[in-house]
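Reader: I'm new to this one, so could you walk me through it and tell me how you know each thing you say?

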2 protein chains.
Amino acid sequence: MLTPATEIAFIERLASALPRSPHQINKLQEADAEIIILPGGSMGRLALSIDTIEEEIRAGLYTDPWLIGWMSVMVNMSDLAAVGADPVGILLSETIPPGCSQEFLTNLQRGITDACRACGTFVLGGDTNAAANLSITGCAAGMIPGGNLLTRRGSHVGDSLYCSGALGTGNAYAFTKLTGTNNGAIRYQPRARLLEGRLVREYASACMDTSDGVTATLDQLMRINGIGFHLEKGWENSLDGTSRELIHQTHTPEWLLLAGLHGEFELLFTIPAHLQNEFISAASLIGWTPRRIGHVTESQELAIADDAGEWVVDTGRLRNLGQIAATDFSSYLHALLDFDSSKR
Amino acid sequence: MLTPATEIAFIERLASALPRSPHQINKLQEADAEIIILPGGSMGRLALSIDTIEEEIRAGLYTDPWLIGWMSVMVNMSDLAAVGADPVGILLSETIPPGCSQEFLTNLQRGITDACRACGTFVLGGDTNAAANLSITGCAAGMIPGGNLLTRRGSHVGDSLYCSGALGTGNAYAFTKLTGTNNGAIRYQPRARLLEGRLVREYASACMDTSDGVTATLDQLMRINGIGFHLEKGWENSLDGTSRELIHQTHTPEWLLLAGLHGEFELLFTIPAHLQNEFISAASLIGWTPRRIGHVTESQELAIADDAGEWVVDTGRLRNLGQIAATDFSSYLHALLDFDSSKR
């Protein structure tokens, strides 16, 4: 997470020399989870995801052991959700500092257990290591039944842009946590949108989770699909109510809840116009109300509507501010506010 | 790796509260890779393994970036081999210190690429993180075709004990590397026994790779199966020739090549008496000569034959010496020699 745009180039350089599987459906960075056709043909598609929780711990963003355990499962389950996979389970490699208390470990495992229960899945195995800094790498496996495949690639001009739930909690939480103003009002406990992802797979042209925040997610979808997005007037109604209140109290522009790099693990996806009605009906059958926040445009840029009209966000520059975030949160906040004041 | 027996209790405590999948075939620590029946019934069995290379780097055992890359793939592929799975691919989570040179990274990726090629497999995806210490977590996936399942459980009294290849290179390498006497004579480049594992799955009652060295592996098999092992006279012929020469030059007892906790990633497996001839014939068809080194006994202990008769190894105590190895190799060597001199 906290992935600056410069890391994309780094990953691409690292990966360029690596052999790729002829059975893998998605190209590099073109899906939240890797999708592989299993040998034997009719055996379905395997989805795999790997993610490490370490920077968030070191940055002081996650201090509660329960939350660390919960997130180590959820970040990976959210990747499965974004390709519409049913989870098979998760493996965890836990690196634990020698001085870790029994109480801390118990709460860590409780967070893992609770997250697995919430996702209807299981810890399949893992290993433990000792080192100075706590870190947990999760690797989730899932199966994608027959039918559509869902990746980050496929958005077309005119598709509608939807989000699976309230936006902004990730950044509101990071703000309160890292400025020492976290009084518990902002509850951060993302839930992988597995049930929703299965439905999204049947209708959407592309999907990605907001693990790095909304604008970074849109930036990635724009790069992969060679398209742009327009966030339409009223997008603010998709913001989490409590997070929005907080932002008003601190006189901060609302759109910064989309701009920070700590995400809420909702799904952002695009639905072709002719499938919208059917999609909305199917969603209501599972008691879910996806929120339409904009549409796909031709020009590769993100335009956001506000009271003064609309303005274009330099999403690449925004992502690169993340390099500051990892070391100095206060400077990062100032950089975001500077970004906002120079926006037109 | 370098797993002391005390870690078993730690892992069991960590894992005891975790929900287990009804589709998982193996119990905790009863297989090198986790084995899961995929939903849909006829879809085959999925094998998953996760392992982190970090302690070996920190201990100074792996300094060559190519070897670090190679091992991060091989340790996981070896787990697949030990359950007789065909690899689907591997995901890698790479934690890289900010100061890492481009040359180091290139060689690291080259080691990863070469290991994948050697295993006929692929890097499916991964993520990168920045932190002070280099560490790589690999998560390998494989498929187990129809037929037998191979785990660590199933050995019976009277079964023969085999190894897949020359033993002792892991500990000979660790000895030269950590005493600063590594002149290149001991070449350490383990190769996951994937082809052999597929055959072993059809005949063996149990199997485990020697990632933690031979005696630790036998200790684990003894605990799981409630049996013992007798290493028969002539077991020394299964030792790697160069490693054996080194041990003679340093006037160290040969059996310590089995006792150290840095393994050679061969397979140790047990074959029921009535299947031995057929197994050996099948092995010769793929140009492989498995080596018989002993047999399964009733009393839960490891007996080793030598010129003076036979003696019993306290394998649990040996494994726990690993706690010293991680911090002070010289003390560990002395502890091993003390162990040897008090052996009868």
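Author: Let's start with a word we'll need: a residue is called buried when its relative accessible area is under 20%, and exposed when that is over 50%. And keep in mind that this is a predicted model.

Reader: Is A:Cys116 buried or exposed, and how do you know?

Author: A:Cys116 has 0% relative accessibility. The cut-off for buried is under 20%, so A:Cys116 counts as buried.

Reader: Why is A:Cys116 not bonded to A:Cys119?

Author: A disulfide needs two cysteine sulfur atoms within 2.5 Å. The sulfur of A:Cys119 is the closest to that of A:Cys116, but it is 7.1 Å away, so that's too far for a bond. Over all chains, the structure holds 0 disulfides. A:Cys100 is in none either, with its nearest cysteine sulfur, in A:Cys116, 19 Å away.

Reader: What makes the phi of B:His251 worth a remark, and where does the residue sit?

Author: Its phi is near 55°, a positive value, and B:His251 is not a glycine. B:His251 sits in the loop between helices H8 (241-249) and H9 (256-259) of chain B. With a relative accessible area of 74%, over the 50% mark, B:His251 is therefore exposed.

Reader: And B:Phe265: buried or exposed?

Author: Buried, because its relative accessible area is 2%, under the 20% limit. B:Phe265 also has a positive phi, about 60°, without being a glycine. You'll find B:Phe265 in the loop between H9 and strand E9 (267-271) of chain B.

Reader: What puts A:Gly138 in contact with residues outside its sequence neighbourhood?

Author: Contact means heavy atoms within 4.5 Å. Leaving aside neighbours within four places in sequence, A:Gly138 has contacts that include A:Ser49, A:Ser72 and A:Leu91. A:Gly138 is part of strand E5 (residues 135-144) of chain A, and at 0% relative accessibility it counts as buried. From A:Gly138 to A:Val73 is 65 residues in sequence, yet 6.5 Å in space between C-alpha atoms.

Reader: How do helices H3 and H4 of chain B pack?

Author: H3 (residues 65-82) and H4 (residues 102-119) of chain B pack at about 35°, with axes 6 Å apart. Their contact residues divide into 14 nonpolar, 4 polar and 2 charged.

Reader: Why are chains A and B said to be related as by a two-fold axis?

Author: A turn of 180° with a shift of 0.0 Å along the axis lays chain A on chain B, with an RMSD of 0.0 Å. The two copies are thus related as by a two-fold rotation axis.

Reader: How do you know that the copies meet through the same surface?

Author: 100% of the interface residues of chain A are interface residues in chain B too, so the surface is the same.

Key
Residues numbered from 1 in each chain as written. Chains lettered and ligands numbered in written order. Predicted model: local features only at pLDDT ≥ 70, side-chain atom pairs only at ≥ 80, totals over all residues. Heavy atoms only, no water. Least-squares fit on C-alpha atoms with pLDDT ≥ 70 in both. Buried < 20%, exposed > 50% of the residue type's maximum accessible area, 1.4 Å probe, protein only. Axes fitted to C-alpha atoms, helices over the stretch in contact; angles between N-to-C directions. Helix = DSSP H or I, 4+ residues; strand = E, 2+ residues; numbered from the N terminus. Nonpolar A, V, L, I, M, F, W, Y, C, P; charged D, E, K, R; others polar.
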